[in-house]
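Here's an informal walk through one protein model, from its overall fold to a few individual residues. Have the structure open while you read.

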Amino acid sequence: MTALARELKPQDHKPQARKATVLRLSPKPVSRLQFRPLGVAALRNIVPPLVVLAALLGIWQILCSAPGASLPPPSQVFEESFDLIAYPFFHYGSQDIGLGWRVLVSLERVAYGFGLAAVVGVVIGAVIGQSIWAMRGLDPIFQVLRTVPPLAWLPLSLAAFQDSNPSAIFVIFITSIWPVIINTAVGVRNIPQDYRNVAQVLRLNQLEFFFKIMLPSAAPYIFTGLRIGVGLSWLAIVAAEMLTGGVGIGFFIWDAWNSSRLPDIIVALAYIGVVGFVLDKLVAALGKFITRGAATN
């Protein structure tokens with residue numbers, strides 16, 4: 001082998017071993033429930049109403065504890081109506097039942113009347129919002145009818161249905177449907193034109209446009225009307241039950257008035273207020289979930 005060949009011969013070099021570098025992975029962050037922010041939020045939302053409530057009860061106690069006061073103080077209400085407060089679901093007879101059962105009877109009527117008003121109101125509101133001729137023809141009539149007080153419909157409904165239960169449901173329906181119609185129509189009229197153009201490009205029929213474009217776009221407005229409607233429904237059923245009788249919470253208040261049981265009336269009013277507050281929050285939470293927190297402009 002020549003010298004040149006020896007120079008060109010590849011050398012057998014062993015690769016030098018390199019030390020491997022071990023990379024330590026950081027532990028996966030574990031999501032922990034932050035109790036302190038939750039506690040702070042709870043204090044901000046709960047403590048102020050409790051302080052105001054305690055102050056109002058104190059003022060009420062002072063004003064109504066004097067001799068000759070026309071209303072009972074909170075201490076007397078608690079003492080005389082303790083059974084209604086502590087045992088809302090007792091059942092000793094057809095009329096001797098707790099306020100919890102009476103509230104459930106009233107809520108059942110509200111569910112029928114308000115549910116029907118929600119469906120019919122959304123459909124009619126969508127028609128009015130889509131058609132300028134329907135809006136011109138129906139809107140003035142609806143604006144007149146919605147100003148009629150709930151109890152003014154009761155004699156007419158009793159004459160038509162010849163029964164107190166469907167009459168009360170009709171009063172709820174006719175009272176709560178107007179805000180649903182009006183807010184739905186406003187929401188439909190405010191659908192962006194881009195959405196309508198997309199529907200035309202995709203050649204959506206009326207049913208597909210209603211469910212895929214109209215309802216999602218107008219949902220914040222619709223649930224605003226539903227929140228107003230459910231509040232009016234609860235007001236209407238209490239007023240209607242005072243005249244139609246039965247075992248609802250409204251008739252209980254009227255019966256307690258005829259028996260001069262003012263503490264029972266005050267407890268029933270507290271039940272009505274709490275239930276109305278819960279109904280409003282339930283509809284608001286449902287609307288927030290469906291609309292993903294979207295707000296009306």
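Helices (H or I, at least four residues) and strands (E, at least two) are taken as DSSP runs and numbered from the N terminus. The model is a predicted one, where local features need pLDDT of at least 70 and side-chain atom pairs count only at pLDDT 80 or more, while totals for chains, interfaces and linings use all residues. Residues are numbered from 1 along each chain as its sequence is written, and side-chain values use heavy atoms, with hydrogens and water left out.

**Overall picture**

What does the protein have in the way of helices and strands? There are 12 helices and zero strands, so along the sequence you read α-α-α-α-α-α-α-α-α-α-α-α, given that helices and strands are DSSP runs. Of its 297 residues, 32% count as buried (under 20% relative accessible area with a 1.4 Å probe and protein chains only; exposed is over 50%, partly exposed in between). Take the contacts (heavy atoms within 4.5 Å) with a separation of 6 or more: 67% of them join residues 24 or more positions apart. The protein exposes about 19800 Å², with 66% of that supplied by carbon and sulfur atoms (Shrake-Rupley method, 1.4 Å probe; for residues, only the protein chains shown count as cover).

**The core and I249**

A nonpolar core here is a set of buried Ala, Val, Leu, Ile, Met, Phe, Trp, Tyr and Cys residues joined through side-chain atoms within 4.5 Å. The largest one has 54 residues, and those with the most contacts inside it are L99, M214, L226, W234, I237 and I249. Helix 5 (99-130), helix 8, helix 10 (206-244), helix 11 (249-258) and helix 12 each give two or more residues to this core, and helix 10 gives the most, with 14 residues.

I249 sits in helix 11 and is buried, at 0% relative accessible area. Leaving out residues up to four places away in sequence, I249 touches L99, R102, V103, S106, W234, V238, E241, A268 and I272. The C-alpha atoms of I249 and G98 are 9.8 Å apart, though 151 residues separate the two along the chain.

**Another buried residue**

T184 belongs to helix 8 (residues 164-189). T184 is buried too, with a relative accessible area of 1%, and touches G121, V122, G125, A126 and I222, again skipping residues up to four places away in sequence.

**The largest pocket**

On a 1 Å grid over the protein atoms alone, a pocket is an open set of points where a 1.4 Å probe fits, with protein on both sides within 12 Å along at least five of seven lines; lining residues have an atom within 4 Å of a point. The largest pocket holds about 330 Å³ of space (points are joined across faces, edges and corners, and the volume is what probe spheres set on them fill). V77, I85, I266, V267 and A270 are the closest to its centre among the 13 residues that line it. Helix 2 (35-64), helix 3 (74-80) and helix 12 (262-290) each give two or more lining residues, and helix 12 has the largest share, six.

**Two loop residues with positive phi**

Neither of these is a glycine.

| Residue | Loop between | Phi | Relative accessible area |
|---|---|---|---|
| Q162 | helix 7 (154-161) and helix 8 | about 60° | 65%, exposed |
| R203 | helix 9 (193-201) and helix 10 | near 55° | 75%, exposed |
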